[in-house]
Structures are given as structure tokens and as C-alpha cells.
Amino acid sequence: MSIATAIETERLMLRPYRADDAERVLDVHSRLAVIRWLDNPPSTPMADLDQARAWVDRELRREREDPLQAWRAIEVRDSGLVVGCVLLARLERIVDGFVGEYEIGWHLNPDSVGNGYASEAAAAMVRAAFAAGHRRLVIDMYPDNHPSAGVARRLGARELGEQAEPWYGDTSLMFELVAASVPRERRG
Ligand SMILES: CC(C)(COP(=O)(O)OP(=O)(O)OC[C@H]1O[C@@H](n2cnc3c(N)ncnc32)[C@H](O)[C@@H]1OP(=O)(O)O)[C@@H](O)C(=O)NCCC(=O)NCCS
């Protein structure tokens, strides 16, 4: 099974990235204030449109290689503006001998935070993930990433506390979602 390509919510369309998203991709990934939360240091800001196009190509390729992964542009239906990204990515770590857990993640352009877009997009992505056969998703973040923890809590994810991890400076605040806890779609 694979993740639905176009996912519509009340205000948003989640869709695969296209080459012409490169400018918005560059805008968000060139900001240290955003990317410092996404990975281990050192965070290197994206430098130009070529790097943004390469990012789009790489995420499309990763999904082709493993269709349970997905990177979706979050587009506001009214304006067409791409405000951020919601993703499902395989974590390369070993848990109880099992390799290949998946995480759900998100980021928004700073010009678009504070509208509920990340939570709305993530809830739809969780439903799509479980519809495609995922049974469990993890969410991990720097322990002081309060905005991201807020998204996880709005999704109804179960908090697992701080755990030793190869990411986020070796300690992550972890949450999990299991198939039985799929959030219902909010309709206005
Ligand atoms: C994490 C991140 C996506 C959270 O963004 P966010 O806008 O705070 O989260 P949401 O989209 O869920 O929006 C919730 C906020 O919108 C507000 N809001 C406004 N209108 C709303 C609406 N119609 N519906 C829901 N919420 C609304 C909520 O009250 C809340 O604000 P508050 O936190 O001040 O109470 C963002 O801070 C980010 O991109 N950070 C950098 C990257 C990052 O850390 N990614 C995660 C790595 S683990």
C-alpha cells in the first residue's frame, strides 16, 4: 500500500512536492530558526534553488523506494500558498531487533504558524498512514520544542517521555500514535 497522494482537509490540500515548490522550500529550509529543530547539529541552511530542487527530488525518490514514506506539501486551498510540510519517514534505528519504525513530522514556514495548519495537516496524514497499513507512528523532538509537542498533543498522541535517541542531541521527547487512536476529521 502507499500513502494517498492528494489529501484534502477543511482548509488544506496535502500533495506531493513539485519542482515549482522550490522557492517555498528554499524559503523555509534556509532559515536556521526552523531547521535547528529538524535534525542534529550542525544545521546547515539551504543555500539556493538548486539545493531546494534536489531536496524535492530526494524526497520523491525516497517515497518511490518505500511507499510507506511520504513528504507532502501543505497547501492552503484558498490561496494556493505552500505553508509547510508534513511527512512520514522511516527511522533507521533498531528497537527490539526490529528495524524500520516510522515517524510523522512537520514544519511550517514562520509566516504561517499560529493558524492550526500543522495540526490539521498532521491529523489528515495520520489517517492516511493508518489507511495505508501503518500500525504505529512515533513523533520525536528536542525536549524543549514546545510548539511541536503542542501539535503532538492536539493529535492525541501518547507521551512516552524523554528517551535516549540518536537524534536531537541524544535525548528526544517521544510520543506515539497507534492505529486505534486515529483522530477524527474536524469539520467546521
Ligand atoms: C512545530 C510547528 C509546526 C508548530 O506550528 P503551530 O502553528 O504552532 O502549530 P499548529 O499549526 O498546530 O497551530 C496551533 C496554533 O494555532 C492557533 N490557531 C489559530 N487559528 C486556529 C485554527 N483555526 N485552528 C486551530 N488552531 C488555530 C492555535 O491556538 C495554536 O496557537 P498557540 O500555540 O499560540 O495556542 C512550528 O512551530 C514549526 O514549524 N517549528 C519549526 C520546525 C519544527 O520544530 N518541526 C517539528 C520538529 S519535531
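Ala, Val, Leu, Ile, Met, Phe, Trp, Tyr, Cys and Pro count here as nonpolar, Asp, Glu, Lys and Arg as charged, and the others, Gly among them, as polar. The model is predicted.

**Exercise 1. Describe the shell around the ligand: how many residues surround it, and how do they divide into nonpolar, polar and charged?**

Solution.
- Step 1. Count the shell. The ligand is surrounded by 20 residues.
- Step 2. Pick out the closest. These are Trp106, Leu108, Gly114, Ala118 and Ser119.
- Step 3. Sort by class. The shell holds 10 nonpolar, 7 polar and 3 charged residues.

**Exercise 2. Trace the shell to its secondary structure. Which element gives the most residues?**

Solution.
- Step 1. List the elements that supply at least two shell residues each. They are strand 5 (98-108), helix 4 (117-131), strand 6 (136-141) and helix 5 (146-154).
- Step 2. Find the top contributor. Helix 5 gives the most, with 4 residues.
- Step 3. Place the ligand. The largest pocket is where the ligand sits.

**Exercise 3. Find polar contacts of the ligand, using a cut-off of 3.5 Å between N or O atoms.**

Solution.
- Step 1. Start with the ligand nitrogen. A nitrogen atom of the ligand is 2.8 Å from a polar backbone atom of Trp106.
- Step 2. Turn to oxygen and backbone. A polar backbone atom of Gly114 is 2.7 Å from an oxygen atom of the ligand.
- Step 3. Add a side chain. Arg154 places a polar side-chain atom 3.1 Å from an oxygen atom of the ligand.
- Step 4. Check the cover. On its own the ligand has 950 Å² of accessible area, and the protein covers 67% of this.

**Exercise 4. Analyse strands 7 and 8. In which sense do they pair, parallel or antiparallel?**

Solution.
- Step 1. Locate the strands. Strand 7 spans residues 158-164 and strand 8 spans residues 171-178.
- Step 2. Read the pairing. It is antiparallel, over 6 bridges.
- Step 3. Match a pair. Arg158 stands opposite Glu176 in strand 8.
- Step 4. Inspect the turn. The two strands form a hairpin with 6 residues between them. Tyr168 in this turn has a positive phi of about 55°.

**Exercise 5. Locate the cis peptide bond that leads into Pro42.**

Solution.
- Step 1. Identify the bond. The peptide bond from Pro41 to Pro42 is cis, with omega near 0°.
- Step 2. Place Pro42. Pro42 lies in the loop between helix 2 (32-35) and helix 3 (49-65).

Technical notes
Residues are numbered from 1 along each chain as its sequence is written. This is a predicted model: local features need pLDDT of at least 70, side-chain atom pairs count only at pLDDT 80 or more; totals for chains, interfaces and linings use all residues. Side-chain values use heavy atoms; hydrogens and water are left out. A residue is near a molecule or strand if one of its heavy atoms lies within 4 Å of it. A polar contact is a pair of N or O atoms within 3.5 Å; within protein, one must be able to donate a hydrogen and the other to accept it, and residues adjacent in sequence count only if both atoms are side-chain atoms. Accessible areas come from the Shrake-Rupley method with a 1.4 Å probe; for residues, only the protein chains shown count as cover. On a 1 Å grid over the protein atoms alone, a cavity is a set of points where a 1.4 Å probe fits but cannot get out, and a pocket is an open set with protein on both sides within 12 Å along at least five of seven lines; lining residues have an atom within 4 Å of a point. A molecule sits in a cavity or pocket if more than half of its atoms lie within 2 Å of its grid points. Two strands pair if DSSP finds at least two bridges between them.
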